[in-house]
Amino acid sequence: MNTNTVAIILIGYQNDYFLPDGILHHALESTEAVQKILQSTVALINKVKDTPILVINTPIIFTETYAELINPIGILKTIKEVGAFKKGTSGAETVAEISAFADRIITVPGKRGLNAFSNTSLENLLQEHNVTDVVLAGVVTSICLDTSGRTALDKGYSVSVLEDCTGGRSRFEQEFYCKEIFPLYASVLNSTQLLEELN
(Lines give C-alpha, C1' and ligand atoms only; values in the text may rest on other atoms or scores of the structure.)
Protein backbone atom coordinates (compact mmCIF):
# COMPACT_ATOMS: atom_id res chain seq x y z
CA MET A 1 0.00 0.00 0.00
CA ASN A 2 1.07 3.52 -0.77
CA THR A 3 0.64 6.07 2.03
CA ASN A 4 -0.45 8.64 -0.56
CA THR A 5 -3.50 6.60 -1.56
CA VAL A 6 -4.66 5.06 1.72
CA ALA A 7 -7.55 6.19 3.92
CA ILE A 8 -8.30 4.86 7.39
CA ILE A 9 -12.02 5.20 8.03
CA LEU A 10 -13.14 5.35 11.66
CA ILE A 11 -16.67 4.17 12.35
CA GLY A 12 -18.63 4.47 15.59
CA TYR A 13 -15.95 5.98 17.85
CA GLN A 14 -18.56 7.75 19.95
CA ASN A 15 -19.36 7.97 23.64
CA ASP A 16 -22.60 6.00 23.42
CA TYR A 17 -20.53 2.97 22.37
CA PHE A 18 -17.17 3.50 24.03
CA LEU A 19 -17.87 5.00 27.45
CA PRO A 20 -18.87 2.56 30.22
CA ASP A 21 -22.05 4.58 30.80
CA GLY A 22 -22.77 4.98 27.09
CA ILE A 23 -26.31 4.08 26.08
CA LEU A 24 -25.16 1.27 23.75
CA HIS A 25 -21.97 0.25 25.53
CA HIS A 26 -23.67 -2.96 26.69
CA ALA A 27 -24.37 -3.89 23.06
CA LEU A 28 -20.66 -4.49 22.45
CA GLU A 29 -18.60 -7.49 23.47
CA SER A 30 -17.14 -6.19 26.75
CA THR A 31 -15.68 -3.07 28.33
CA GLU A 32 -12.23 -4.65 28.18
CA ALA A 33 -12.55 -5.43 24.48
CA VAL A 34 -13.82 -1.92 23.73
CA GLN A 35 -10.84 -0.37 25.52
CA LYS A 36 -8.41 -2.57 23.59
CA ILE A 37 -9.99 -1.49 20.32
CA LEU A 38 -9.62 2.16 21.30
CA GLN A 39 -6.03 1.73 22.50
CA SER A 40 -5.02 -0.05 19.29
CA THR A 41 -6.69 2.61 17.17
CA VAL A 42 -5.06 5.50 19.02
CA ALA A 43 -1.66 3.79 18.76
CA LEU A 44 -2.15 3.36 15.02
CA ILE A 45 -3.15 6.99 14.48
CA ASN A 46 -0.10 8.13 16.44
CA LYS A 47 2.10 6.11 14.10
CA VAL A 48 0.55 7.40 10.87
CA LYS A 49 -0.20 11.00 11.87
CA ASP A 50 2.98 12.30 10.21
CA THR A 51 2.30 10.47 6.94
CA PRO A 52 0.02 11.45 4.03
CA ILE A 53 -2.53 8.81 5.05
CA LEU A 54 -6.04 10.18 5.34
CA VAL A 55 -7.74 9.47 8.66
CA ILE A 56 -11.48 10.02 8.42
CA ASN A 57 -14.06 9.97 11.21
CA THR A 58 -17.65 9.10 10.24
CA PRO A 59 -19.89 9.56 13.30
CA ILE A 60 -23.55 8.61 13.24
CA ILE A 61 -25.74 11.44 14.57
CA PHE A 62 -29.52 11.72 14.45
CA THR A 63 -31.83 14.69 14.81
CA GLU A 64 -33.59 15.17 18.16
CA THR A 65 -36.80 13.52 16.91
CA TYR A 66 -35.16 10.80 14.77
CA ALA A 67 -37.43 11.98 11.97
CA GLU A 68 -35.00 10.57 9.41
CA LEU A 69 -35.72 7.03 10.62
CA ILE A 70 -38.90 5.92 8.87
CA ASN A 71 -40.23 2.65 10.32
CA PRO A 72 -36.81 1.56 11.58
CA ILE A 73 -36.10 -2.07 12.44
CA GLY A 74 -33.27 -3.87 14.19
CA ILE A 75 -30.40 -1.77 15.50
CA LEU A 76 -31.84 1.48 14.13
CA LYS A 77 -35.11 0.84 15.97
CA THR A 78 -33.14 0.22 19.16
CA ILE A 79 -31.13 3.41 18.68
CA LYS A 80 -34.32 5.42 18.39
CA GLU A 81 -36.00 3.73 21.36
CA VAL A 82 -33.07 4.29 23.73
CA GLY A 83 -32.19 7.76 22.43
CA ALA A 84 -28.65 6.99 21.30
CA PHE A 85 -26.46 9.17 19.05
CA LYS A 86 -28.83 12.10 19.34
CA LYS A 87 -27.60 15.48 18.15
CA GLY A 88 -26.55 17.72 21.02
CA THR A 89 -25.98 14.90 23.52
CA SER A 90 -22.64 13.83 24.93
CA GLY A 91 -23.32 10.30 23.74
CA ALA A 92 -23.18 11.41 20.12
CA GLU A 93 -19.80 13.07 20.58
CA THR A 94 -16.62 11.47 19.29
CA VAL A 95 -14.59 9.90 22.09
CA ALA A 96 -11.97 12.21 23.59
CA GLU A 97 -9.08 9.97 22.58
CA ILE A 98 -9.96 10.43 18.90
CA SER A 99 -10.97 14.09 19.20
CA ALA A 100 -7.54 14.78 20.68
CA PHE A 101 -6.04 14.45 17.20
CA ALA A 102 -7.97 17.59 16.21
CA ASP A 103 -7.31 18.67 12.63
CA ARG A 104 -5.32 15.53 11.78
CA ILE A 105 -8.59 13.65 11.48
CA ILE A 106 -11.20 14.76 8.96
CA THR A 107 -14.75 14.38 10.23
CA VAL A 108 -17.36 13.58 7.60
CA PRO A 109 -20.86 14.33 8.94
CA GLY A 110 -24.20 13.05 7.69
CA LYS A 111 -24.12 9.35 8.55
CA ARG A 112 -27.58 8.41 9.76
CA GLY A 113 -27.63 4.72 9.02
CA LEU A 114 -25.42 1.66 8.65
CA ASN A 115 -23.33 2.84 5.71
CA ALA A 116 -20.53 5.42 6.01
CA PHE A 117 -21.00 6.27 2.32
CA SER A 118 -24.74 6.91 2.53
CA ASN A 119 -25.86 10.54 2.91
CA THR A 120 -22.23 11.69 3.37
CA SER A 121 -19.46 13.24 1.28
CA LEU A 122 -17.11 10.34 2.03
CA GLU A 123 -16.79 9.16 -1.57
CA ASN A 124 -16.09 12.69 -2.84
CA LEU A 125 -13.38 13.11 -0.21
CA LEU A 126 -11.73 9.82 -1.19
CA GLN A 127 -11.81 10.79 -4.85
CA GLU A 128 -10.36 14.23 -4.18
CA HIS A 129 -7.37 12.59 -2.48
CA ASN A 130 -6.97 9.83 -5.09
CA VAL A 131 -7.54 7.12 -2.49
CA THR A 132 -7.39 3.54 -3.77
CA ASP A 133 -7.16 1.62 -0.48
CA VAL A 134 -9.72 1.88 2.30
CA VAL A 135 -8.90 0.57 5.78
CA LEU A 136 -11.78 0.14 8.22
CA ALA A 137 -11.69 0.48 12.01
CA GLY A 138 -14.41 0.75 14.64
CA VAL A 139 -17.73 -0.83 15.58
CA VAL A 140 -19.97 -2.70 15.01
CA THR A 141 -18.30 -5.43 12.96
CA SER A 142 -21.44 -7.11 11.63
CA ILE A 143 -23.31 -3.92 10.88
CA CYS A 144 -21.64 -0.63 9.94
CA LEU A 145 -18.23 -2.08 9.15
CA ASP A 146 -19.56 -4.85 6.93
CA THR A 147 -22.01 -2.53 5.15
CA SER A 148 -19.38 0.17 4.56
CA GLY A 149 -16.78 -2.38 3.48
CA ARG A 150 -19.01 -3.96 0.87
CA THR A 151 -19.96 -0.55 -0.46
CA ALA A 152 -16.31 0.48 -0.71
CA LEU A 153 -15.59 -2.66 -2.71
CA ASP A 154 -18.52 -1.98 -5.04
CA LYS A 155 -17.15 1.52 -5.61
CA GLY A 156 -13.80 0.12 -6.71
CA TYR A 157 -11.66 0.45 -3.59
CA SER A 158 -9.37 -2.19 -2.17
CA VAL A 159 -10.69 -2.89 1.31
CA SER A 160 -8.87 -3.90 4.49
CA VAL A 161 -10.31 -4.52 7.94
CA LEU A 162 -8.22 -4.13 11.10
CA GLU A 163 -9.10 -7.01 13.38
CA ASP A 164 -7.50 -5.41 16.46
CA CYS A 165 -9.22 -2.07 15.83
CA THR A 166 -12.72 -3.46 15.27
CA GLY A 167 -15.31 -5.01 17.54
CA GLY A 168 -18.61 -6.82 17.45
CA ARG A 169 -21.49 -7.54 19.77
CA SER A 170 -19.75 -10.71 20.93
CA ARG A 171 -16.39 -12.46 20.64
CA PHE A 172 -18.04 -15.07 18.41
CA GLU A 173 -19.36 -12.41 16.04
CA GLN A 174 -15.98 -10.67 15.81
CA GLU A 175 -14.08 -13.87 15.10
CA PHE A 176 -16.70 -15.17 12.67
CA TYR A 177 -16.67 -12.01 10.58
CA CYS A 178 -12.88 -11.75 10.56
CA LYS A 179 -12.44 -15.40 9.59
CA GLU A 180 -15.45 -16.14 7.43
CA ILE A 181 -17.08 -12.95 6.10
CA PHE A 182 -14.53 -10.18 5.58
CA PRO A 183 -12.04 -12.41 3.68
CA LEU A 184 -14.67 -12.85 0.98
CA TYR A 185 -14.10 -9.26 -0.14
CA ALA A 186 -11.36 -7.68 2.00
CA SER A 187 -7.95 -8.21 3.53
CA VAL A 188 -8.07 -8.88 7.26
CA LEU A 189 -4.99 -7.79 9.18
CA ASN A 190 -3.99 -6.13 12.41
CA SER A 191 -2.56 -2.65 12.83
CA THR A 192 1.01 -3.93 13.09
CA GLN A 193 0.67 -5.77 9.79
CA LEU A 194 -0.80 -2.66 8.21
CA LEU A 195 2.19 -0.59 9.27
CA GLU A 196 4.51 -3.24 7.84
CA GLU A 197 2.69 -3.11 4.52
CA LEU A 198 2.87 0.68 4.50
CA ASN A 199 6.61 0.57 5.16
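User: What is the relative accessible area of Asn190?
Analyst: This is a predicted model, in which local features need pLDDT of at least 70, side-chain atom pairs count only at pLDDT 80 or more, and totals for chains, interfaces and linings use all residues. Residues are numbered from 1 along each chain as its sequence is written, and side-chain values use heavy atoms, with hydrogens and water left out. Buried means under 20% relative accessible area, exposed over 50% and partly exposed in between (1.4 Å probe, protein chains only). Asn190 is partly exposed because its relative accessible area is 23%.

User: Which residue's backbone nitrogen does the side chain of Asn190 reach?
Analyst: Asn190 sits in the loop between strand S6 (187-189) and helix H8 (191-198), where helices (H or I, at least four residues) and strands (E, at least two) are DSSP runs numbered from the N terminus. Beyond its neighbours within four places in sequence, Asn190 is in contact (heavy atoms within 4.5 Å) with Leu162, Glu163 and Asp164. At 2.8 Å, its side chain reaches the backbone nitrogen of Gln193.

User: How many cavities of 30 Å³ or more are there, and what is the volume of the largest?
Analyst: A cavity is a set of points on a 1 Å grid over the protein atoms alone where a 1.4 Å probe fits but cannot get out; lining residues have an atom within 4 Å of a point. Grid points are joined across faces, edges and corners, and a volume is the space filled by probe spheres set on the points. The count is two cavities, and the largest has a volume of about 60 Å³.

User: Which element gives the most to the lining of the largest cavity?
Analyst: The lining includes Tyr17, Ile75, Phe85, Lys111 and Cys144. Its residues divide into ten nonpolar (Ala, Val, Leu, Ile, Met, Phe, Trp, Tyr, Cys, Pro), one polar (the others, Gly among them) and one charged (Asp, Glu, Lys, Arg). The largest share, three residues, comes from H3.

User: Which helix gives the largest share of the lining of the second largest cavity?
Analyst: This cavity, of about 30 Å³, has Leu28, Ala33, Ile37 and Gly168 among its lining residues. By class there are five nonpolar, three polar and one charged. Three residues come from helix H2.

User: Which element gives the most to the largest nonpolar core?
Analyst: A nonpolar core joins buried Ala, Val, Leu, Ile, Met, Phe, Trp, Tyr and Cys residues through side-chain atoms within 4.5 Å. The largest has 66 residues, with Phe18 among those with the most contacts inside it. Seven of the core residues come from H2.

Note on methods
1 Å grid on protein atoms, 1.4 Å probe; cavity = no way out; pocket = protein on both sides within 12 Å on 5 of 7 lines; lining within 4 Å. Polar contact = N/O pair within 3.5 Å; in protein donor to acceptor, adjacent residues only side chain to side chain.
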